[in-house]
Amino acid sequence: MSSALNLFVTSPDTRSERRFDPHITIEQLKSKLEFVTGIPAANQSITLINSEKDNHVVAQLSDDSKMLGFYGPRDYQILKVEDLNPSASFTGQLTDVSQVEKFELSEEAYAQRQDTVLAYKQRNKVGRFAPKEETTTRKAPEVNVPLGSRCEVESSEPGLSKRGTVRFVGQTKFGTGDGVWVGVEYDEPFGKNDGSVQGERYFECRPNYGVFVRPEKVKIGDYPVLELDLEDEEM
């Protein structure tokens, strides 16, 4: 007894791999194929094709009384089933979407629905609905450094006292980040400018008597002008 054949079955709506006994008649084959393809047995036209890559027609299975094996099918050949009366069985209409009425929804109606991606994003605050970080204007910290007060500026050189007068307190156009700068007019030429930086003037003083420092480096107090001790220099 011959073993079953592995054959591909194709139709306008289906494609599958099936096993068939080569001893069944074409009439019996059509009955089986009706459940596979949905095409009534009476309307079937079956063509045996060599392969998907080779569309050579091996045989037309037109005699219902003949056995399947009569046509010499081999494993993995194709049984192409066509519908001789597609209007009656709706063959091919399952895959033809040209006649399907498209479902369209206005933007307003879409926005009202609760089962959409838009509604999900709104509920979960995702994407463009995510809360935006509040941008707050950073205010300059208040600094208790009165204009005109005497001060001493912290020095990295031991024993060196840099005394002067506060001439400016506020934010500047130079420097990175926010913050307040203190402009000091030194008593001696220990400075770096004349009260102006990068073409912007903040106060007036002699060249090399002006400096800008951070408030934490400035000590406000009763700092008199240091008198120069010239006794060691006299002969």
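**Notes on a predicted model: two sheets, a pocket and some local contacts**

1. In strand E5, leucine 79 is the bridge partner of leucine 48. This pair is a good place to enter the structure, which is a predicted model. The two strands concerned are E3, covering residues 44-49, and E5, covering residues 78-83, and they pair in the antiparallel sense over six bridges.

2. E3 and E5 belong to an open sheet of five strands, whose order is E2-E1-E5-E3-E4 and whose pairing is mixed. The edges are taken by strand E2 (15-20) and strand E4 (57-60), each of which has a single partner strand, so that one side of each is left without a neighbour in the sheet. From one strand to the next, the twist averages 30°.

3. What packs on this sheet, and which strands does it touch? Helix H1, made of residues 26-37, packs there and touches strand E1 (5-10) as well as E2, E3 and E5, while the direction of the helix makes about 95° with that of E3.

4. The loop between E3 and E4 holds asparagine 50, whose side chain is joined to that of aspartate 54 by a polar contact of 2.7 Å. When residues up to four places away in sequence are not counted, asparagine 50 touches His56, Val58, Arg74, Tyr76, Gln77 and Ile78; of the strands already described, E4 spans 57-60 and E5 spans residues 78-83.

5. Helix H4 (residues 117-124) deserves a look at both of its ends. At the start of H4, a side-chain oxygen of threonine 116 reaches to within 3.1 Å of the backbone nitrogen of alanine 119, and just after H4, lysine 125 takes a positive phi of about 50°.

6. Another open sheet is formed by five strands in the order E11-E8-E7-E6-E12, and here the pairing is antiparallel. Why do E11 and E12 each have one side without a neighbour in the sheet? Both E11 and strand E12 (218-220) stand at the edges with a single partner strand each, and one side of each is therefore left free of a neighbour in the sheet. On average, and with direction ignored, neighbouring strands of this sheet are turned by 45° against each other.

7. Within this antiparallel sheet, strand E6 (residues 150-153) is joined to strand E7 (residues 162-170) by four bridges. Valine 153 stands opposite lysine 162, which lies in E7.

8. The largest pocket has a volume of about 180 Å³ and is lined by 13 residues, of which Tyr186, Lys192, Val211, Phe212 and Val213 lie nearest its centre. Strand E11 (residues 210-213) gives the most to this lining, with three residues, and E11 is also one of the edge strands of the sheet in the two preceding points. By class, the lining comprises eight nonpolar, two polar and three charged residues.

Key. Residues numbered from 1 in each chain as written. Predicted model: local features only at pLDDT ≥ 70, side-chain atom pairs only at ≥ 80, totals over all residues. Heavy atoms only, no water. Pairing = 2+ DSSP bridges. Axes fitted to C-alpha atoms, helices over the stretch in contact; angles between N-to-C directions. Contact = heavy atoms within 4.5 Å. 1 Å grid on protein atoms, 1.4 Å probe; cavity = no way out; pocket = protein on both sides within 12 Å on 5 of 7 lines; lining within 4 Å. Points joined across faces, edges and corners; volume = space filled by probe spheres on them. Nonpolar A, V, L, I, M, F, W, Y, C, P; charged D, E, K, R; others polar. Polar contact = N/O pair within 3.5 Å; in protein donor to acceptor, adjacent residues only side chain to side chain.
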